[in-house]
Amino acid sequence: MAPLPNAELVQTSRQLYRYLLRCCRQLPEENIRQHYRHAVRQSFKVHADEDNPERIQQIIKRAIEDADWVMNK
């Protein structure tokens with residue numbers, strides 16, 4: 001399963017959140033979709049107080065790489 005197009009356009013945490021939830025919709029089974037939706041939401045809660053722009057960009061990059069891995073799995 002290919003990742004969604006335009007991942008390179010994700011620059012903000014809000015765009016990342018929407019991108020990841022769209023990726024979840026493409027997963028084949030409902031229980032897998034629910035698991036990853038929950039994981040996305042939890043990760044955003046954990047990192048909600050992050051204010052270092054460099055760290056935010058690192059998190060975005062890593063989240064997109066992880067999403068690509070899940071989609072190809």
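Start by selecting Arg37 and Glu30: their side chains meet in a salt bridge, 3.2 Å from N to O. A salt bridge here is a side-chain nitrogen of Lys or Arg within 4 Å of a carboxyl oxygen of Asp or Glu. Before you click on, note that this is a predicted model, where local features need pLDDT of at least 70, side-chain atom pairs count only at pLDDT 80 or more, and totals for chains, interfaces and linings use all residues. Residues are numbered from 1 along each chain as its sequence is written, and side-chain values use heavy atoms, with hydrogens and water left out.

Stay with that pair and add Arg33: Glu30, Arg33 and Arg37 are linked in a network of salt bridges. Color by accessibility and Arg37 comes out partly exposed at 22% relative accessibility, while Glu30 is partly exposed at 37%. The classes are buried (under 20% relative accessible area), exposed (over 50%) and partly exposed in between, using a 1.4 Å probe and protein chains only.

Next, hop to helix α3, residues 53-72. Helices are DSSP runs of H or I, at least four residues, numbered from the N terminus. Select Lys61 and Glu65, whose side chains form a salt bridge at 3.4 Å, N to O. Both sit in α3, four residues apart, about one turn of the helix. Lys61 is exposed at 55% and Glu65 is partly exposed at 40%.

Now pick Asp66 and Arg62, another salt bridge, at 2.9 Å from N to O. They are separated by about one helical turn, because they lie four residues apart in α3. Arg62 is exposed, with a relative accessible area of 51%, and Asp66 is partly exposed at 35%. The full count by this rule is four salt bridges.

Then go to helix α1, residues 13-25, and put a distance label on its end C-alpha atoms: they are 19 Å apart. The expected span is 1.5 Å times one less than the number of residues, so 13 residues should give 18 Å, which agrees.

Which residues of α1 are buried? Select Leu16, Tyr19, Leu20, Leu21, Cys23 and Cys24. The buried residues of α1 pack against α2 (30-46) and α3 (53-72), where contact means heavy atoms within 4.5 Å.

Last stop: Cys23 and Cys24. Each is buried, with Cys23 at 4% and Cys24 at 4%. Why is Cys23 not bonded to Cys24? The sulfur of Cys23 is 7.1 Å from the one in Cys24, its closest cysteine sulfur, so it is too far for a bond. A disulfide needs a pair of cysteine sulfur atoms within 2.5 Å, and the count comes to zero.

Technical notes: Helix = DSSP H or I, 4+ residues; strand = E, 2+ residues; numbered from the N terminus.
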